[in-house]
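Work through these exercises with the model open beside you. Try each task before you read its solution.

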Amino acid sequence: MPFGTTDMSITRVGFGAWAIGGGSWAYGWGDQDDDASVAAIRHAVESGVNWIDTAAVYGLGHSEEVVARALQPYGDADRPYVFTKCGLVWDENDRRVEPRRSGDAAGVRREVEASLRRLGTERIDLYQMHWPAPEQVQEYWQVLVDLKAEGKVRAVGLSNHDSKQLDAAEAIGHVDSLQPPFSLINRDVAGEELEWCHAHDTGVIVYSPMQSGLLTGAFTAERAASLPANDWRSRDAEFTGEQLQRNLALVAALWPIADRHETTVASIAIAWCLAYEGVTAAIVGARNPRQVDGWAGAPSVDLSTADLAEIADAVRRTGAGHGEI
């Protein structure tokens, strides 16, 4: 799939490396097995996935290190693209403190050098500002555009930015990509941001299409209640109370559709995202090879008009999530 106006063509699903960062920071997913994470990445690549999305802040550098380890056996001909992010700075003296947002020009340059070092590469394929920072968009976007011109990065993008911020960046240099959250539960960007990207030939790689595990078909109320304290989901509203019950009711409604297509609920949830105009691809996480097998076939799922209508009806009936449908 052509990735916006970049020279890259990417598979419609990519490997998301947030969870493999481990649990020793504010937004960790609990303790992880690095060997299993490495195996998951290699299994995804061997299954045809040709890009990996990580961030400096995931595990406070650890995710990038695990990605580098996983990619050691691959040469230039078969190495997947590696995308990472900047703009979240952590306290080395207290890893549990929530990272702060920063778009300081000198800081961004320090961050890219640190990511290049951890990833063991001379150029990052896509470098993204993780969240809007206190500095003006124009300040940090100019740095990313300069890094692209200097050859340190191949393409540049924004994550979690809205259409006004995209306009401000585009006035300085083309926004190669946007990375927004998007799922059957979080549908907020379905209108304005996706339309902006479609109009500007900006690639879109959506994250959390399975809503951090809720839409896999394997999640239960019991599992939610047993999430460890170092798993950020234990504190998230979508994983507790009435919101959790609505989300699980939506999952139950997806099972008949998955059965008709002889696939998984996870693949149905991802295929729904991929069916939206303007969505280039979806970032999907995994912590072991078995989880990769649960979603690797999603791009081949062709949802019919009747399927999409049934899904929309289930969303309205259960009251799950937020945003247009």
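The exercises below go from the annotated domain to single residues.

This is a predicted model, in which local features need pLDDT of at least 70 and side-chain atom pairs count only at pLDDT 80 or more, while totals for chains, interfaces and linings use all residues. Residues are numbered from 1 along each chain as its sequence is written, and side-chain values use heavy atoms, with hydrogens and water left out.

**Exercise 1. The domain**

Task: find the residues that UniProt gives to the domain, and state the helix and strand content there.

Solution. Start with the record. The unreviewed UniProt entry places "domain: NADP-dependent oxidoreductase" at residues 13-314. UniProt positions are in the numbering used here, feature names are shortened, and annotations may be inferred rather than shown by experiment. Next, take the content. Residues 13-314 are 39% helix and 14% strand. Helices (H or I, at least four residues) and strands (E, at least two) are DSSP runs, numbered from the N terminus. Last, take the ends. The end C-alpha atoms of this stretch lie 25 Å apart.

**Exercise 2. Helix H8**

Task: check the span of helix H8, then locate its kink and its packing partners.

Solution. Step one is the span. The expected span of a helix is 1.5 Å times one less than its number of residues. H8 covers residues 241-260, so its 20 residues should span 28 Å; the end C-alpha atoms are 31 Å apart, which agrees.

Step two is the kink. H8 bends by about 30° at Leu-254, shortly before the proline Pro-256. The bend at a residue is the angle between axes fitted to the seven residues ending there and the seven starting there.

Step three is burial. Buried means under 20% relative accessible area, exposed over 50%, and partly exposed in between (1.4 Å probe, protein chains only). The buried residues of H8 include Leu-244, Leu-248, Val-251, Leu-254 and Ala-258. An α-helix has 3.6 residues a turn, so residues three or four places apart point the same way.

Step four is packing. The buried residues of H8 pack against helix H7 (221-225), helix H9 (265-274) and helix H11 (305-318).

**Exercise 3. Helix H9 and the loop before it**

Task: decide whether Glu-262 is buried or exposed, then do the same for H9.

Solution. Begin in the loop. Glu-262 sits between H8 and H9. Its phi is positive, about 50°, although Glu-262 is not a glycine. Glu-262 is exposed, because its relative accessible area is 76%.

Now move to H9. Ten of the ten residues of H9 are buried, so this helix is largely enclosed by the rest of the structure. Among them are Val-265, Trp-272 and Leu-274. The cover over H9 includes strand S1 (13-16), H8, strand S10 (281-285), helix H10 (289-295) and H11.

**Exercise 4. The second largest pocket**

Task: give the volume of the second largest pocket and name the element with the largest share of its lining.

Solution. The volume is about 290 Å³. Of the 14 lining residues, Val-89, Trp-90, Gly-107, Arg-110 and Glu-111 are the closest to the centre of this pocket. Strand S4 (88-89) and helix H3 (105-119) are the elements that give two or more residues to the lining. H3 has the largest share, with six residues.

On a 1 Å grid over the protein atoms alone, a pocket is an open set of points where a 1.4 Å probe fits, with protein on both sides within 12 Å along at least five of seven lines; lining residues have an atom within 4 Å of a point. Grid points are joined across faces, edges and corners, and a volume is the space filled by probe spheres set on the points.

**Exercise 5. Single residues**

Task: place Thr-84, Ser-208, Arg-12 and Gly-23, and class each by accessibility.

Solution. Take Thr-84. It is part of strand S3 (residues 81-86). Thr-84 is buried because its relative accessibility is 0%. Contact means heavy atoms within 4.5 Å. Not counting residues up to four places away in sequence, Thr-84 touches residues including Thr-54, Glu-64, Ser-115 and Tyr-127.

Take Ser-208. It lies in the loop between strand S9 (203-206) and H7. Its phi is positive, near 55°. Ser-208 counts as buried at 17%.

Take Arg-12. It belongs to the segment before S1. At 25% relative accessibility, Arg-12 counts as partly exposed. Its C-alpha atom is 18 Å from that of Ala-155, 143 residues apart along the chain.

Take Gly-23. It lies in the loop between S1 and helix H1 (34-46). Gly-23 is buried, with a relative accessible area of 4%. Leaving aside neighbours within four places in sequence, its contacts include Trp-29, Arg-96 and Asn-230.
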